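Work through the two exercises below with the sequence and the model open. Each task is followed by its solution.

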Amino acid sequence: MFHSFAPSLLEELKDYLPKIAAEYSPIPGRVSGVMDLGKGTAIALESPELLGLRAEIADHFHGSLTEQDLYEPRPHITIQNKVTKEEARALQAALKPELEQRDFTFPALELHLYEGGPWTFVKRAAFRRSTRR
């Protein structure tokens with residue numbers, strides 16, 4: 001949902017995310033298609049509720065967000081990145097007829113650190129509310 005937070009916010013994030021997640025039921029989402037990332041490909045997702053939660057988190061960290069995180073995101077799952085446009089278009093063409101739109105739920109928020117290679121898992125905060133917020 002966010003590209004990056006300042007390292008100085010790590011401890012606050014570890015405390016805040018479980019608190020906010022506890023206020024939400026698992027959030028509905030929908031796989032909506034293939035997304036062109038220019039030099040990459042993603043699976044496009046739709047979830048107004050997730051965007052609402054993101055806005056709440058952004059408001060909490062107002063003044064600490066990066067320029068990239070000041071704008072409403074386009075939720076997606078990146079499956080290909082940093083390839084040629086031709087490679088990206090080929091994968092998109094292959095995926096479009098195969099990818100089915102479907103509903104799902106987000107069960108939790110997760111916090112990861114990018115340390116130049118694979119992402120390092122930090123914390124998982126499950127959505128715990130039994131009724132819709």
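**Exercise 1.** In which strand is the place of Thr120? Then state its exposure and its contacts.

Solution. The model is predicted, with local features needing pLDDT of at least 70 and side-chain atom pairs counting only at pLDDT 80 or more, while totals for chains, interfaces and linings use all residues. Residues are numbered from 1 along each chain as its sequence is written, and side-chain values use heavy atoms, with hydrogens and water left out.

1. Thr120 lies in strand β6, residues 119-126 (strands are DSSP E runs of at least two residues, helices H or I runs of at least four, numbered from the N terminus).
2. Thr120 is partly exposed because its relative accessibility is 32%, between the limits of under 20% for buried and over 50% for exposed (1.4 Å probe, protein chains only).
3. Beyond neighbours within four places in sequence, Thr120 is in contact (heavy atoms within 4.5 Å) with Leu111, His112, Leu113 and Glu115.
4. The side chains of Thr120 and Glu115 make a polar contact at 2.7 Å (a pair of N or O atoms within 3.5 Å, one able to donate a hydrogen and the other to accept it; residues adjacent in sequence count only if both atoms are side-chain atoms).

**Exercise 2.** Which element gives the most to the lining of the largest pocket, and how do the lining residues divide into nonpolar, polar and charged?

Solution.

1. β5 gives the most, with seven residues.
2. The lining divides into 29 nonpolar, seven polar and seven charged residues. Asp, Glu, Lys and Arg count as charged, Ala, Val, Leu, Ile, Met, Phe, Trp, Tyr, Cys and Pro as nonpolar, and the others, Gly among them, as polar.
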